[in-house]
There are 2 protein chains.
Amino acid sequence: MGRGVVGTADAVVMPASTAEVATVMRWCYENEVPLTARGGGTGLAGGAIPVAGGIVIGFERLNRVRQFDPLLWRMHVEAGVTTGDVQRLARENGLRFPPDPGAAELSQIGGNIACNAGGPHAFKYGVTGHWVTGIEAVVPPGDVVTIGGPLRKDVAAYDLKSLLIGSEGTLGLVTAAWLRLLPAPEIELPVVGLYRDADAGISAIERVLGSGIVPAAVEYLDGETLRVSGDTYPFGLPADGAFMVITEADGAEAEARRVAGELAEALSDEAVAVHTPQSPAEVSALWRWRGGVAFAILAQRGGAFSEDIAVPLDRLRDVARETLAIGERNGVPSMSFGHAGDGNIHSTFLFAPDGDGEQERADDACRELFDLALSLGGSVTGEHGIGWLKRGQLERQLGPVGYDLHTRIKQAFDPKGLLNPGKKI
Amino acid sequence: MGRGVVGTADAVVMPASTAEVATVMRWCYENEVPLTARGGGTGLAGGAIPVAGGIVIGFERLNRVRQFDPLLWRMHVEAGVTTGDVQRLARENGLRFPPDPGAAELSQIGGNIACNAGGPHAFKYGVTGHWVTGIEAVVPPGDVVTIGGPLRKDVAAYDLKSLLIGSEGTLGLVTAAWLRLLPAPEIELPVVGLYRDADAGISAIERVLGSGIVPAAVEYLDGETLRVSGDTYPFGLPADGAFMVITEADGAEAEARRVAGELAEALSDEAVAVHTPQSPAEVSALWRWRGGVAFAILAQRGGAFSEDIAVPLDRLRDVARETLAIGERNGVPSMSFGHAGDGNIHSTFLFAPDGDGEQERADDACRELFDLALSLGGSVTGEHGIGWLKRGQLERQLGPVGYDLHTRIKQAFDPKGLLNPGKKI
């Protein structure tokens, strides 16, 4: 899904300890060599590409679970542990690490922290940063710092932890994290509504939000998305199902079943169909299908820019409608889907990489999309980050005062500008 | 509860708009005059005292609810609206603003954001910052900046919002905030366990955390706390009830009653008594009593230092035991109570303000308490902030690398050091 950004590292280093990470950064700082961190390499904004050359630092060998206290709902892991492994270890002990970015099996917790990754269940549970109580990091010129720890509350300092979370490797390198966990819900029960069009589907989302229920997830997939991915939908799509809303109830079984019934009720007006997967196998089939949608889309023409703008919830209709209009204006197929309850939508533009100017037109469409997000009071990125692909958008979003503060923070942490140069700007 | 810190403002200004706040700051910056923000004046760390003189800026007139969208779970308010008014307006519309600091009726949302205030229900719902999706602020030399808005997700910039939240008026002045709300729970059912001693009570807390339940609150009050406040406990204290644990189930009624039963079960081992207030009147009587404990304590000798250290959950026993030992060593009555599930404990030392060196001995006790918190891997403040009273502790907690970053951030925002001088250091 890239825009063809290429960068070549002069060297790749794979440290096995925090001290080695510090040594690498110190050497880079002394020798003025750029240093770009790479986690699982699954980022969607080109954040891990060494566009200025220099050293790429990988975290595969920093992969120990340093401590796990299931009874106290907490885990201390090194940055290279995959998010999937964190989720599994938690689950095996009756707990849950709620953040669930699409690439959880490949992405590392350090990378997910660097991007403050989200996922479908961020609606109820919040993004990665909500579950991090402390970090160990290496900051320029090569110092190790611990911020927080296994603490659930701490208001002593400025929130240095949140500053590093989501900083995309431009302020420091996270080497380990203390994670907060939750007791796992007994059951998760998705409830799916299908509608004839976006208007009916988005009205259903509004009814769900107004019903007093707190769903675990509120997703939508528009008609174009269903056209390219609906074939593999595990429960069969009705012919006139042209907009899908996925919600979920979770918790203790009896209560989750009651809430799922309320969700089905709230979704039913104007619905073509309402599905309630029942067995764990059906539930996981649904979410596996949902997770594969991005790949089904990519397979259509070989290339896709799948963005992740975020808008206030009352602007969902604008995003669904305007995504199609922008695609049409630029002559590229387009569609939208994503985390509707968070207003965080993957508006997507397809292209054939060797097509006649298609990629450029898809790129133009993205620019129009970012304009749309900003005109709606939104953000150009709700979960992927600015990286390289959205460079130049941040200043427009923040305005001059905010962007100046942003620049001064970068300067305060990384005065030589060697950490992931060209990113997050 | 102060340590007698005194500061005298040269002038007090009460702006009625964000533009007026900007004008005041610009004047201060041009004339090198210190500027100290004051919300409701209920802070417990002296953060609002103008120790360097200059201008005190009050927010009483910035008190409009700018927008309220109950169906979208959000409210946009100016900084001077009291937290109690936010809670009430939400509740009247079937919603809840979960942060519940003790002084909610007097404290303003701007002050609670400046301190990132907590409260008993932070255990399940998080502190104030978790519920803020955007802020409008004035930053030096007098510029208005909007960070975020009514957006549920945004990872574009460094987390400037979280940097201002909890910064105690030393980086900028929050003039308005976009708040996230939740549908209100149908019912809240506290479950109280009473024990012969701290060991039995803390074991009960550990059983609750290990039971797979997510309680809405997990509080404790030790024997000395009960001795001075137990007379007014609305359900009558058994003679041998010398340590109290308060938990709470919330949600839909049937489910909350089931969970309350499980909490009662988890609390019952070794318990002298387990109470489950039933009616809304009983529930609110319990929480009103809990809210009044700090005042009952203060009334004992006329003076009290009630601190708010936070520690990892496995160190609760150390805090309960060592608080008493520190009091004894320093010859002042002592006790502890607070937000056990968050490891955030109000260790308290009493003194008569005109007593023979009592206040100094209580102050020495606080210093020992901060040493204890740091030796346990904790924080010197979980919800009150550093303010003036804990100055000098931050550098010890952060260590040289973290403190240097902290200092550079202050410098980046407030190069002349005019915002709330002497605080948060």
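**Figure 1. A salt bridge between B:Lys153 and A:Glu383.** The side chains of B:Lys153 and A:Glu383 form a salt bridge, with N and O 2.8 Å apart. The view comes from a predicted model. The pair crosses between chains. A:Glu383 sits in the loop between α11 (358-375) and α12 (393-413) of chain A. B:Lys153 sits in the loop between β8 and α5 of chain B. A:Glu383 has 10% relative accessibility, under the 20% cut-off, so it counts as buried. B:Lys153 is at 3%, so it counts as buried too.

**Figure 2. A salt bridge between B:Glu383 and A:Lys153.** Here B:Glu383 pairs with A:Lys153, and the closest N and O atoms are 2.8 Å apart. B:Glu383 lies in the loop between α11 (358-375) and α12 of chain B, and A:Lys153 in the loop between β8 (143-148) and α5 (160-164) of chain A, so the pair joins two chains. Both B:Glu383 and A:Lys153 are buried.

**Figure 3. The interface of chain B and chain A.** On chain B, 75 residues are in contact with 75 residues of chain A. Together the two chains bury about 6,100 Å², with 67% of it on carbon and sulfur atoms. B:Lys153, B:Val155 and B:Tyr158 supply 16% of the area that chain B buries against chain A, more than any other three residues. The rule finds six salt bridges across this interface. It also finds 31 residue pairs in polar contact there, both residues at pLDDT 80 or more.

**Figure 4. The side of chain B that touches chain A.** Several elements of chain B each supply at least two residues to this side, among them α4 (122-125), β8 (143-148), α5 (160-164) and β10 (182-183). Helices α8 (253-268) and α12 (393-413) of chain B also do so. α12(B) gives the most, with twelve residues. By type, the residues of this side divide into 38 nonpolar, 22 polar and 15 charged.

**Figure 5. A:Glu255 in helix α8 of chain A.** A:Glu255 has its place in α8 (residues 253-268). Its relative accessible area is 14%, under the 20% cut-off, so A:Glu255 is buried. Its side chain makes a polar contact of 2.9 Å with the side chain of A:Arg258. What does A:Glu255 contact, leaving aside neighbours within four places in sequence? The answer is B:Ala252 and B:Glu255.

**Figure 6. A salt bridge within chain B, B:Asp308 to B:Lys390.** The closest N and O atoms of B:Asp308 and B:Lys390 are 3.0 Å apart. This salt bridge links distant parts of the chain, 82 residues apart. B:Asp308 is in the loop between β15 (303-306) and β16 (309-310) of chain B. B:Lys390 is in the loop between α11 and α12 of chain B. B:Asp308 is buried, as is B:Lys390.

**Figure 7. A salt-bridge network in chain A.** Salt bridges link A:Arg64, A:Arg66, A:Glu78 and A:Glu136 in a network. Over all chains, the structure holds 68 salt bridges.

**Figure 8. The fold of chain A.** Chain A has twelve helices and 18 strands. Its radius of gyration is 22 Å, close to the 22 Å that the globule rule gives for 425 residues, so chain A is as compact as a globular protein of that length. Its C-alpha atoms fill a box of roughly 65 × 55 × 35 Å along the principal axes. Of its 425 residues, 61% count as buried. Among contacts in chain A with a separation of 6 or more, 74% come from residues 24 or more positions apart.

How values were computed. Residues numbered from 1 in each chain as written. Chains lettered and ligands numbered in written order. Predicted model: local features only at pLDDT ≥ 70, side-chain atom pairs only at ≥ 80, totals over all residues. Heavy atoms only, no water. Contact = heavy atoms within 4.5 Å. Buried area = accessible area lost by both parts, 1.4 Å probe. Salt bridge = Lys/Arg side-chain N within 4 Å of Asp/Glu carboxyl O. Polar contact = N/O pair within 3.5 Å; in protein donor to acceptor, adjacent residues only side chain to side chain. Helix = DSSP H or I, 4+ residues; strand = E, 2+ residues; numbered from the N terminus. Nonpolar A, V, L, I, M, F, W, Y, C, P; charged D, E, K, R; others polar. Rg over C-alpha atoms; globule rule 2.2 N^0.38 Å. Buried < 20%, exposed > 50% of the residue type's maximum accessible area, 1.4 Å probe, protein only.
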